[in-house]
Structures are given as structure tokens and as C-alpha cells.
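Please find below a briefing on the structure shown here. The points are grouped by topic.

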Amino acid sequence: MSVQEQAGGTGRTVVNPVIPGFHPDPSVCRVGDDYYLACSSFEYFPGVPLFHSRDLVHWTQIGNALDRPGQLAIPVETPSSGGIYAPTLRHHDGRFWLIVTNVCEGGGNLLVTATDPVGPWSDPVRLPGVTGIDPDLAWDEDGTCWCTFAGIQQVRIDPYTGETFGPPRPLWSGTPGAKYPEAPHLYRIGDHWYLLIAEGGTERGHGVSVARADSPTGPFEPCPANPILTHRSLEHPVQNTGHADLVQAPDGSWWMVLLGVRPLGGTPGWHVLGRETFLAPVSWADGWPVVGALSTAMPVPAWPLRPGPVASNRDDFDLSEPQPCWVSPRERSAEHCTTKERAGWLTLHARDAHDTYGTRGARGSSLDDSDAVFVGRRQQHLSCRVRTLIDPGAGSGGLAVRFDEEHHYDIEAGSGEVRVIARIGPLRTIVASRPVPAGPVVLGIDVTATHTPRDARSGPDTLTLGFEEPNGTFTVLGALDGRYLSTEVAGGFTGRVIGMYAATGTVHFDWFDYEPLDLPTS
């Protein structure tokens, strides 16, 4: 996040999204002067990234709520975009509560708690009587806990045991004719209970609607101005706006966090980073929330900004455990990923035929496999430069931009050569290869956004893959169209993740450098 001077000297602006990259379905709560926010993570482990802010503008990742195998099990058969769907994060009675759905075999709705959001978070309480995704938590004046979920349905629960009382009952179906009423959040504000929902689907028709009632169980009266936020059919750089949550600042002002995307290129427009977290101001008129302009450069809030620590672009793998930003598809065991085997290096061990993760029996020899050994971080900028130093030894591995098993670009080292691999749907090809001397080599990927499309067919960006020669010269082996690593092509609910992988044997990575080449809103 950054703050810029507006053109003409009219004041400072905040760069939106406030949490860029694949950070969808934000849920926020405030405790004193501190804000905490949680996002979906889908097939990635650890799950549910958690952020902290003192000003709603600058956010620092403080951990992941589901960071132990005992909390989060995502079987190898789980397809990409399965796993952890939208969470709700609340603070009640001196404790943080997080409820979420694990969409996989043996999953279901889970509730974890913590006295400190940094963790540790508890083992999950299961809620078999909560039968839909996007669960919400709200407590009324007598301490009754209500769980509202996609549908829109509601059931009373005991959050300590997971017991439900009676069957779920319909609450409000949203705007007549609108599809996918989901992402409910229930609040007591003033004399009313407000029910905020998303509807229209998480694509270009996405929107936010609200209803109110005198009781948390309804009946609910819809806002006459619904949807209170949508960018459908608008010429706006932020699209797919929805899945929102409300929070009140200490000064009494109200704010909304929500997801949105930033398509680039020609027609139909491709978004590659996934759904990101945006911030918008909220006012009130006639007892209804009114969402202010959602801009990629919004005015600075009325309070002093309080930036947190600036994250380093470089990771030298000097810590005993990976930093919270690093994620892996479905699981990450110390057997296959460790910083303790070779001091100051990340060591990855590829799977072989003797591994027994889930019911898998075949080796994971490439990122085409659902159990591939991959450690990555979210791409958070439309243009960026990524480098890593790999020592492949007798193995092979490399640097990749992953969307899912069927959509990824890789630059791989091993067996005395460097090669570029492209997987696009059912097609997999080695784009180019080049012999290199034995030993460590720097691999690189440059992502260059398309801000001015050549014509209606222009893609959103170009990914340039290559390696550094011994004299430091960067040799390009391939320049690939980024549209094939986008939601509009690949489908699903995630975004790009850039990282390191092992294909065969054991490979070591000395450092990883991620350099933004433009501001998050560019």
C-alpha cells in the first residue's frame, strides 16, 4: 500500500486495492484501534491469511489461521479452487472467532478461536448442521449466536460445541431474480439488524445488497436502492465488486471492505491477480448504508496514517520456518519443504513413487500433478520482476507462475540445461531450452502489464522467462501471453501464485526476490 500526491496538489490519495493480489472474500473486525482481516485461500496451505492494520489502509500479514495439518486437511483429490472458501472473522467476549467452509471430501464448516489473532488458533469445532458456504457469526443481546450462510439461511448454534438448534430457515432471498445470494453478514447497528449479502455471482454481474429488520431472525425489509454497490456494465478499472463486510472506525465513520478485480487487455478483459481486497467509504441516509465512490486512488481517511513494517522484497530463507506469505497446494510437509537442511537455503524434495500423501500412488514430477512440491507467494502487482538462485544438484526444479495444475508457466533447471515449460489446458510443451554449466543458476520471470491494448485481441500482460548467464546477462528463453494464466481462461476463484518447485530429486534455493515494477493500481 502506498500514498500518493494527487495531480494538481489537491491532496493525498490512498492506493486501492488495500490488499492486492489473490486475497478474496475479505472479512474484517475492529478491536480498539486495531483492525484485523481474513481472506479465502482455497486449495492453498496454510489457509486463511490474516492481516492487521491501524488505519484501514496499510495491512501487514500476521499469520494464517489454519496453519497445522490438524486444523486443515485438503485431500490430494481436491480440485483447484476447492478447499477454504469465505471466512467470517469476529471479536466477541474477549476472543477472536473465525468460521469458514472447507469445500472438499470430509470438509464442511469449521470454527476456530484465538485470544491473539497472531495465533495459535484452536483446533476446529465442526458444524455439521450448517449446510452452506460463506457462514457468518453474530450474537444478539442475550448472547444467542446466529449463523447465517449462503442461501440465505440461518440457524442458531452453540459456537463452543458446534451444535445447531433446529433446522436452518430461509431468511431473505435477495433481489428477485438475482442469482447466487451468498456472503451474508449480520450486524446490529442502531435500532436495526442489517443483513449484507453478495449476489449476481462473483463475475462481472457481482453486487452488494442489504436488508434490515427489528430482529436478527427477520422479517427483513430490502433496501430500496439495492444493489448498494455494483460495477456491472460500468466503464471502471475495478470490476466484479462484491462480497463485502462493514466496519466502524473509532471516529464513528463506516467503511466497507470488498473484493474486486482489475481486468487488462482487450476483449473480454482478463484479470490475472485474482480477486483483491478493496476499501470504500460508507455513509448513512434514511437508515440505510450508502457506499461512496470506489476508486483506485481514494482520498486519505480523516485520521493519521499508521504504516506498519515494510515487507522485504527478498527472502534469504534464514528463518527456521517459512514466512506467512508462502503457500503450497493442499499441504506442505517438512519432509518435502524445509529451511533447516541447508542453512540459509530453502530445500525442496520432489515426491517419488513411495510417497503416501492421501491416496496418491504416482510420482509428482511436474506442476501438472496435484501433489507437486511447490512453495509460492501471491503475485500482487500487475508488473513485477522475480528472480531466484537455484542449485538443482542431481535433481530438477525451478521457478513458476501457477494458476492451477492445467495453467502454469515454468522456467526449470536440471540435467545441464534450462528450459521453459508452458501448460495451457490440455496442452503441454517445452517452449525453449538452453545448455548451462553445472551448478547454481539464477532463474527469472518478468511480468509486464498491457496498459494500452494494441487491439481488441491484446492480452493482459506478457511473461518473459529466462536465466542469468555467468556474466550477469539475462538471457530470455520465452515471452508468453498472460491471458492463459487468467481467471477468464482457467476459471475458478484463485489468482496467480509465483514460486519455486521441485520436479525430481532434491533442489535448493538460496534466495527469492520479488520486485514490484509499478504501483498496485497501475
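**Salt bridges**

A search of the whole structure finds 28 salt bridges. The model is predicted. The points below begin with charged pairs, then turn to single residues, a sheet and the nonpolar cores.

*The E321–K340 pair*

- E321 and K340 form a salt bridge, with their closest N and O atoms 3.3 Å apart.
- E321 sits in the loop between β27 (314–315) and β28 (328–329), and K340 in the loop between β29 and β30 (346–349), so the bridge ties together parts 19 residues apart in sequence.
- E321 has a relative accessible area of 49% and is therefore partly exposed, as the upper limit of that class is 50%.
- K340 is exposed, because its relative accessible area of 57% is over 50%.

*The network around E405*

- R330 and E405 meet through their side chains in a salt bridge of 2.7 Å, N to O.
- That pair links distant parts of the chain, 75 residues apart: R330 is in the loop between β28 and β29, and E405 is in the loop between β33 (396–404) and β34 (407–414).
- R330 and E405 are both buried.
- E405 also meets R402 in a salt bridge, at 2.6 Å from N to O.
- R402, like E405, is buried.
- A network of salt bridges links E43, R330, R402 and E405.
- Side chains of opposite charge can pair when their charged atoms come close.

**Y44, a contact of the network**

- Y44 lies in strand β5, which covers residues 44–45.
- Its relative accessible area is 0%, so Y44 is buried.
- The side chains of Y44 and R402 make a polar contact of 2.6 Å.
- Beyond four places in sequence, Y44 touches F22, L72, I74, V327, S328, P329, R330, R402, F403 and V497. R330 and R402 in that list are also members of the salt-bridge network.
- The C-alpha atoms of Y44 and P453 are 33 Å apart, with their positions 409 residues apart along the chain.

**T338, beside K340**

- T338 belongs to strand β29, residues 337–338.
- T338 is buried, because its relative accessible area of 13% is under 20%.
- The T338 side chain reaches the backbone nitrogen of K340 at 2.9 Å. K340 is the residue that bridges to E321.
- With neighbours within four places in sequence set aside, T338 is in contact with W345, L346 and T347.

**H185 in strand β17**

- H185 is placed in strand β17, residues 182–189.
- H185 counts as buried because its relative accessibility is 2%, which is under 20%.
- A polar contact of 3.4 Å joins the side chains of H185 and R90.
- Residues up to four places away in sequence aside, H185 touches S27, T88, R90, D136, Y194, L195, L196, A244 and D245.
- H185 and I421 are 236 residues apart along the chain, and their C-alpha atoms are separated by 43 Å.

**An open antiparallel sheet**

- Four strands make an open sheet in the order β13-β14-β15-β16, with antiparallel pairing; the sheet has 4 strands.
- β13 (136–139) and β16 (164–170) are the edge strands, and each pairs on one side only.
- From one strand to the next, the twist averages 25 degrees.
- In the middle of that order, β14 (residues 145–149) and β15 (residues 153–157) pair in the antiparallel sense over 5 bridges.
- T148 stands opposite Q154 in β15.
- Strands of a sheet pair through backbone hydrogen bonds, either parallel or antiparallel.

**Nonpolar cores**

- The largest nonpolar core has 39 residues. L348, I411, L443 and F512 have the most contacts inside that core.
- A second, separate core of 21 residues includes I189, L196, A244 and F278. L196 and A244 are also among the residues touched by H185.
- L443 touches V386, R387, T388, I390, G397, G398, L399, I411, A413, V418, G466 and F467, residues up to four places away in sequence not counted.
- In soluble globular proteins, nonpolar side chains tend to be buried together.

Conventions: Residues are numbered from 1 along each chain as its sequence is written. This is a predicted model: local features need pLDDT of at least 70, side-chain atom pairs count only at pLDDT 80 or more; totals for chains, interfaces and linings use all residues. Side-chain values use heavy atoms; hydrogens and water are left out. Helices (H or I, at least four residues) and strands (E, at least two) are DSSP runs, numbered from the N terminus. Buried means under 20% relative accessible area, exposed over 50%, partly exposed in between (1.4 Å probe, protein chains only). Contact means heavy atoms within 4.5 Å. A polar contact is a pair of N or O atoms within 3.5 Å; within protein, one must be able to donate a hydrogen and the other to accept it, and residues adjacent in sequence count only if both atoms are side-chain atoms. A nonpolar core is a set of buried Ala, Val, Leu, Ile, Met, Phe, Trp, Tyr and Cys residues joined through side-chain atoms within 4.5 Å. Two strands pair if DSSP finds at least two bridges between them. Axes are lines fitted to C-alpha atoms, for helices over the stretch in contact, and angles run from 0 to 180 degrees between N-to-C directions. A salt bridge is a side-chain nitrogen of Lys or Arg within 4 Å of a carboxyl oxygen of Asp or Glu.
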